[in-house]
Every structure is written in structure tokens, then in C-alpha cells.
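Colleague: Could you take me through this one? I have a few short queries.

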Amino acid sequence: MLCQVEVVITFKKEIKDPEGDTIHKHLLLRRGYDSVKNVRAGKYLIFNVDVTNCSEALELIKTACEKLRLYNPTIHDVEVRIRG
Amino acid sequence: MGKVAIVKFPGTNCDWDVLHAVKTVSKLQSEVVWYKEFQPNGWDAIIIPGGFSYGDWLRAGAIAAKTTAAEKIAESVEKGTPVLGICNGFQILTEGGVLPGALAPNACGRFVCRWVKLRVHKPKGPWLALVNDGAELHMPVAHAEGRYVISEEGFKELVSTSSIIKYVSGWNPNGSAYDVAGVTNPEGTALGLMPHPERAAEDELTPRGFRAGGRVIFESIAHSLKKGW
């Protein structure tokens, strides 16, 4: 079966994110979305994996994230989950 | 005497500038080597030039760092071969774990291209052999992802073991932690730096108010290899 796994890579809380800050300050706040307190930008990847069950796909992509350094642990947080 | 490999990845674009500097300033034999053809044996020093390997996709340097060529370069560092990573080359060396820290997008959110002033702290190794401690060097930067990030403990270790090239106060163009522009490994054999020494290796390329600060790096490697590094 084909299973979709998604990976969301964002900067750690303590790492400044200029793209998110710009979207927040120059788009949201400028147009009155004052209740938005913070925006973080990141990278979103979708993997179509051919496996027997989705938990297998999840483990495979988690391993790939670490081994291939899809994210940089010095500056990023990563979230890996089944899509849908 | 002394052969320098300049390793080109898809998207590297400073290879010929570096070749020119190595030939005219270092006066060493040098070749641009396509990453697929790179073999570590027979080279006395290796340079990873700047550019946009793999279009900076995923992160600057992240994809190149996982190529066989980059892994062989990391092994060469282990064996003591001098390796210099300039700009994208520095990003590849940090992504590959050869040098500590990470290079995040510039704090200003933009690509920055301008001359900066740098200070060298505790120079060691073949690339900084002729540089005095505390020397001021001038070079241009040209990057979007040059904000050096390192933990406090990591920086303390760096200070005690390695050479650090810092932006002079007021010249930090990207929000780098501790004003770091470049670092070496503890042995000093691997140097990574965001500014471009090859663009600052000749007076003809140097604007008024600055000096050709990259020259001494190419003179140092020639000096070190001739001495038999």
C-alpha cells in the first residue's frame, strides 16, 4: 500500500526566524490581525512510501530524517506524521 | 610541489575565481574537479568553493554534504589534509559535521553582498599560517544563509580549541552568534568561512577603504605546503 508521511521542519523556539517574523509584522499585523502573536515559517515535505502498513512508513521516514539530515538538529525542530 | 583540488558540485559558481587565486597568488598546481570524479588521493589540499550547490534546496549545503565526494573530503580532513570551505563550502562542512555549528538564514531576511572587516583570533593550521593573532582582514560576503548558530557550550569549546575569524564589531552582516564569520577544526586543518578570500586576493579587486585580506590565506597555504604540511 502507498502511505503518505509528512515532515514539518521549523526553527527551534530560540532561533530567530526572519521569514516568519516578516510575514507576521509586514502582513498580518499591518492588516489588523492583532490577535496573531507569532508566525513561524518552515519547510513541509510529503513522502509517498510503498509499505505494508503506515507505521512502517513513519519509522522509515523518521530514520531518513536523522540519517540524511533532512533537518539540522542544531537549529531545527522536526515533526514526522502520517498524513490524513 | 603542492596540488590543490577545487571540488565543484552542481550549482558551485566560484570555482574559477578560486582557481585563479590559487594559481596566481599561491602559485600552486590546481584543478577544478567535478564532484563525481573526485578522488581524495594525490591532492595536498582541497577547496570547496562558494555557490549554490543543488540550488540551496532543503538547506544551503545540506544535499552536497551527503554526496560521496563530501564524505571523502571529511575523511581527508581526518587524515590531516588541509581543507578550505568558502561560503557554500563552509555550509557544506558544517552540514557534514566536519566543522561545528550551523548556518541559518541571515537575520535581516535578505541576501547580503558587501565588504566586511574581520579579525582573526588564535590563528592556527595551514590556511592561517602567515596570519598574526588579532590581524584585521577585509573581504566581501555574498550569502543568504550565513548566520552562524552555535550553543554556548559549543562556542566555549571553539574558543579554547580552534581559530575563530570574527566580524569586527559593527560589521556583522547577518546576525551571526558571537560575530563568527569562520572557524577551524581543533587541528586547524579544516577552515570554513562565509566571506570570499578569492574575491579579496588582489588589490585590483579591492575597493577604497579596504585591503586585499584574502591574499594571506592563499599565501599561507602555499607556505604551509612548501614547508611540507
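Modeller: Happy to; the model is predicted, and the active site and the chain contact follow.

Colleague: Where does UniProt place the feature "active site" in chain B?

Modeller: The record is an unreviewed entry. The annotation may be inferred rather than shown by experiment. The positions given by UniProt are C87(B), H196(B) and E198(B).

Colleague: Why do C87(B), H196(B) and E198(B) gather at one spot?

Modeller: The three annotated residues span 112 residues in sequence. Even so, they gather at one spot, because no two of their C-alpha atoms are more than 11.0 Å apart.

Colleague: Is C87(B) buried or exposed?

Modeller: C87(B) is found in the loop between β4 (83–86) and α3 (88–95) of chain B. It has 30 other C-beta atoms within 10 Å. The cut-off is 20 or more, so C87(B) is buried.

Colleague: And H196(B): buried or exposed?

Modeller: H196(B) lies in the loop between β11 (190–193) and α5 (215–226) of chain B. Its count is 24 other C-beta atoms within 10 Å. With 20 or more needed, H196(B) is therefore buried.

Colleague: Which annotated residue does C87(B) touch?

Modeller: Leave out residues up to four places away in sequence. C87(B) then touches G50(B), A142(B), H143(B), M194(B) and one more. That one is annotated as active site too: H196(B).

Colleague: How many residues of chain B are in contact with chain A?

Modeller: On chain A, 11 residues take part. The side of chain B that touches chain A divides into 8 nonpolar, 4 polar and 3 charged residues. For chain B the count is 15.

How values were computed: Residues numbered from 1 in each chain as written. Chains lettered and ligands numbered in written order. Predicted model: local features only at pLDDT ≥ 70, side-chain atom pairs only at ≥ 80, totals over all residues. Contact = placed C-beta atoms within 7 Å. Nonpolar A, V, L, I, M, F, W, Y, C, P; charged D, E, K, R; others polar. Helix = DSSP H or I, 4+ residues; strand = E, 2+ residues; numbered from the N terminus. Buried ≥ 20, exposed ≤ 12 C-beta atoms within 10 Å, placed from the backbone.
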